[in-house]
Amino acid sequence: LASNVASNDPKAGFVSWNINPAEPERYDVLSINNKSFRFGSLLKFVDELLTETDRLLFLDILSDVRLPDTDFTTYEPAESFNNRNYHASAFTEPINVFVNHNEDVIKGWLGNRRKRGTVLHNVTEDRIKWKRRAVMDWLDKCLLYLQLLFVLLQVTWGGPARIAEMSVLRITNGQDERRNMYFDGTWIMFLFRYNKTRAMLGRDRRIPRYPPPIVVKQLIYYFTLVRPAVSYFMKHFDLPGKNEIDEYMFVDHKVGRWTDGMMYRRFDQVTIQHGIGMITTSVYRQAAQLIMDKLVKFKWELPDENNISDESFGHSSREAIASYAVEIEGGDMIQKNDKAWFKIGGFKWHAIMIPNASRRGPLPKHGIDDIDSPSNTGEYPSQQPATSRPRISNAALITVLPPLQPDISELTARHFLSSIKSVMNPDVEMNPETLVAL
C-alpha cells in the first residue's frame, strides 16, 4: 500500500524551486508538478499545527488536570545509554521526578466532582466502573493529537524521517532492541541507525533528530501525564495496541501500532485538512531537501565525505538508499562531535521553519485554572500576534512512562471517596460497605 501511495507522488526532480529571473537568489515558491506552492504556506501550516496541538493537549485532553509544579523546562533527568532493561527509559528511573506524575490524570478526574459524574458509573471495594463512551471519546482526542504530533515532528525536527523509521520508533527498550528516544543534556534526541549503508561505508549510519523546544514542551506533558492514562485505559478495556502502547510511540486504541501505510495516509490527511494537499509524504521529503540546501544553507562533511544534511534524509551523497530504522545498540553508536553537528543543523532548521519562536510567551502552569486566560479564550495582548506560541528554553526532554498498575484506579478512587458527600437520613445507620459503594 505504501508503495502504491508513493507511486502517485511526483518522482524525484518534479519538486523544485520556482525561480524568478528578476530575483534568482530568492527562494519562496516551490514548483510541484509544474504548479506553484508558496513556501509561506508551509510555514503557516507549521504554525497552525503548533497552535492546534497545543490547544488540543492543554485545553482539551488535560482540561481537568492540574499541571505539575515541577519546572520541566529546566529539570535534567538521569539518563543511561547502557540500561538495557525491558521497557526501561529515563521515566522508569525512580530517582527521576516523572514517575511522581504518571497517575495525575486519573487522580485529577476522580478529584473533580463534575468530571467524576462524566466518566464514572460507580466505585466499589472491588472495582471502579468507568463509562466506556466517555473514556473512548477521550482516547479519540488522544489519537487525534498523536496524529498531529506525528506530522509536527516530521516538519520541525530537520530532515524528515522515513515512514519505515517512524512505524518502529521505540520509546522504551524492547526485548531485544533499544529505544530510539534519549535525553541529550536538556534536549531530546531521537536516534536511529541505518544498517543498509554498511555494505557501502563499512559502518552503520547514525541519524539523530532534535525537535524544537516548543515541540519538546508538548512531548514532556504528553508522555508525563497523558500516555500513562492511555496505557491504563487500553489495558482496562482490552483494546488493540494494549501490548505495544508502552514500547512504541505510534500506537492507538483503534488499530494498535501504526503500519507504514497508515502513516502515509495520516500525513496526507493532515495536509489535506489544512489546505495544502499538494504536500504529500513523498513531496515533502523532496521539498525538505530543497529547503535544507537553499534556505537552511547548512552543509558539512563527515570523514567519509558524505554530506550530513543528506544523512538526515537517510541518503548518502553518492546514492539514495532505501533505509529502514534499526534500534541502537549502545551509547557509543554515535560520536559526540557528530551529535553536535546534527544538533546545530537541527537548530538552523528550527529557525527557518518556526521563525517567530523567540516571541512566544511563557507556558501556563495550570491549564485547569486558566480557562479565562488570553491563551484559552483566543484573546491576545495587542503587542503579541495571535499566532504566537509559548516559548520553551533548552527544555528537559523525556522518553516514555512506565505503565500504570492494574489496581491504581481502585486505590485512587477510594482515596477520594471521603470527598463524595452522600445524601442520607442522619437517623439511619449505614454499613461501611454501603458507604464504599456510594
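How many bridges join strand 1 to strand 2, and in which sense do the two run? That was my opening note, and I kept in mind that this is a predicted model.

**Entry 1: the sheet**

I looked up the pair and found that strand 1 and strand 2 run antiparallel, with three bridges joining them. One partnership I wrote down is S16 with S31, the latter in strand 2.

Next I followed the chain into strand 2 (residues 29-32) and strand 3 (residues 35-38), which pair over four bridges, again in the antiparallel sense. Here I32 stands opposite K35 of strand 3. The hairpin that these two strands make has two residues between the strands, and one thing I noted there is that N33 takes a positive phi near 55 degrees.

Putting the strands together, I got an open sheet of three, ordered 1-2-3, with antiparallel pairing. Strand 1 (15-17) and strand 3 each have a single partner strand and stand at the edges, so one side of each has no neighbour in the sheet. From one strand to the next, the twist averages 30 degrees.

**Entry 2: helices on the sheet**

Which strands does helix 2 touch? I found helix 2 (residues 39-61) packed on the sheet against strand 2 and strand 3, with its direction at about 50 degrees to that of strand 3. Helix 10 (residues 281-296) packs on the sheet too, touching strand 1 and strand 2, and its direction makes about 25 degrees with that of strand 1.

**Entry 3: a helix pair**

I then turned to helix 5 (residues 132-156) and helix 8 (residues 213-236), whose axes lie 11 Å apart at an angle of about 145 degrees. Their crossing is left-handed. On the helix 5 side I listed residues including W138, L139, Y145 and L149, which belong to the set that meets helix 8 residues, among them L219, Y222, V226 and F233. Sorted by class, this contact has 16 nonpolar, two polar and one charged residues.

**Entry 4: the cores**

Which residues have the most contacts inside the largest nonpolar core? My list reads L62, W130, W138, F233, M249 and F250, in a core of 103 residues. Helix 5 gives the largest share of this core, 16 residues. I was glad to find W138 and F233 again, as both had turned up in the contact of helix 5 with helix 8.

I also checked F250: leaving aside residues up to four places away in sequence, its contacts include L146, F150, L153, M166 and W258. Last, I noted a second, separate core of five residues, with Y182, W187, M189 and Y210 among them.

Technical notes:
Residues are numbered from 1 along each chain as its sequence is written. This is a predicted model: local features need pLDDT of at least 70, side-chain atom pairs count only at pLDDT 80 or more; totals for chains, interfaces and linings use all residues. Side-chain values use heavy atoms; hydrogens and water are left out. Two strands pair if DSSP finds at least two bridges between them. Axes are lines fitted to C-alpha atoms, for helices over the stretch in contact, and angles run from 0 to 180 degrees between N-to-C directions. Contact means heavy atoms within 4.5 Å. A crossing is left-handed if the near helix is turned anticlockwise from the far one by less than a right angle, and right-handed if clockwise. Ala, Val, Leu, Ile, Met, Phe, Trp, Tyr, Cys and Pro count as nonpolar, Asp, Glu, Lys and Arg as charged, and the others, Gly among them, as polar. A nonpolar core is a set of buried Ala, Val, Leu, Ile, Met, Phe, Trp, Tyr and Cys residues joined through side-chain atoms within 4.5 Å. Buried means under 20% relative accessible area, exposed over 50%, partly exposed in between (1.4 Å probe, protein chains only).
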